[in-house]
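Biologist: Before any bench work is discussed, I should like to go through the aromatic side chains and one of the helices. Please present the structure.

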Amino acid sequence: MALSFHCRRDYEGAGFKMLAFKHPTRASTYAILLSLIMVAITLAGPYLIGWNTEMWYYPVTAIPGAVMIRKSYLFHLDPVRHCRGCFLFSYAYLGAVLVALCLNHLQPVHNITLAAQW
């Protein structure tokens with residue numbers, strides 16, 4: 001949403017009908033809603049599909065998730081000023097979650113290997 005708002009004039013010039021151009025308030029509201037859903041899936045998803053997650057995973061992903069929700073809320077309040085920050089932080093957030101998931105995957109595998117050797 002933030003990227004489409006940032007590039008809305010280009011999209012309009014090319015003839016695309018974008019939500020960010022027609023209804024910017026609705027687009028920024030969707031950004032908040034999608035951020036909340038994304039954080040909920042990040043926190044509850046591994047448990048719901050049966051992955052073993054270490055306890056450090058939850059604060060490591062919850063803190064960037066809270067920042068992502070804040071960035072999307074700021075984007076809702078002032079889209080012109082905060083669209084770029086919201087868009088760029090979404091990359092940082094997804095990268096942090098990916099690293100946390102990968103590290104979480106390696107740690108239980110290592111623990112199981114040690115237990116099997118015992």
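**Aromatic pairs and helix α5**

Modeller: The structure, a predicted model, holds two aromatic pairs.

Biologist: What is the geometry of the pair formed by Tyr57 and Tyr58?

Modeller: The ring centres of Tyr57 and Tyr58 lie 5.4 Å apart, with 80° between the planes. Planes over 60 degrees apart count as edge-to-face. The pair of Tyr57 and Tyr58 is therefore edge-to-face.

Biologist: Which residues form an aromatic pair at 5.1 Å centre to centre?

Modeller: This pair has 65° between the planes and is edge-to-face. Its two residues are four apart in helix α6 (residues 79–117), so about one helical turn separates them. They are Phe87 and Tyr91.

Biologist: Is Tyr91 buried or exposed?

Modeller: Its partner Phe87 has a relative accessible area of 22% and is partly exposed. Tyr91 has 55% relative accessibility, and the cut-off for exposed is over 50%. Tyr91 therefore counts as exposed.

Biologist: Is Tyr57 buried or exposed?

Modeller: Tyr58 is partly exposed, at a relative accessible area of 24%. Tyr57 has 0% relative accessibility, and under 20% means buried. Tyr57 is also listed among the buried residues of α5, including Thr61, Pro64 and Phe75. Tyr57 thus counts as buried.

Biologist: What distance does helix α5 reach from its first C-alpha to its last?

Modeller: Helix α5 covers residues 57–77, which is 21 residues. At 1.5 Å a residue, 30 Å is expected. The helix comes close to that expected value, reaching 31 Å.

Conventions: Residues numbered from 1 in each chain as written. Predicted model: local features only at pLDDT ≥ 70, side-chain atom pairs only at ≥ 80, totals over all residues. Heavy atoms only, no water. Phe/Tyr/Trp six-rings, centres within 6.5 Å; stacked < 30°, edge-to-face > 60°. Buried < 20%, exposed > 50% of the residue type's maximum accessible area, 1.4 Å probe, protein only. Expected span 1.5 Å × (residues − 1).
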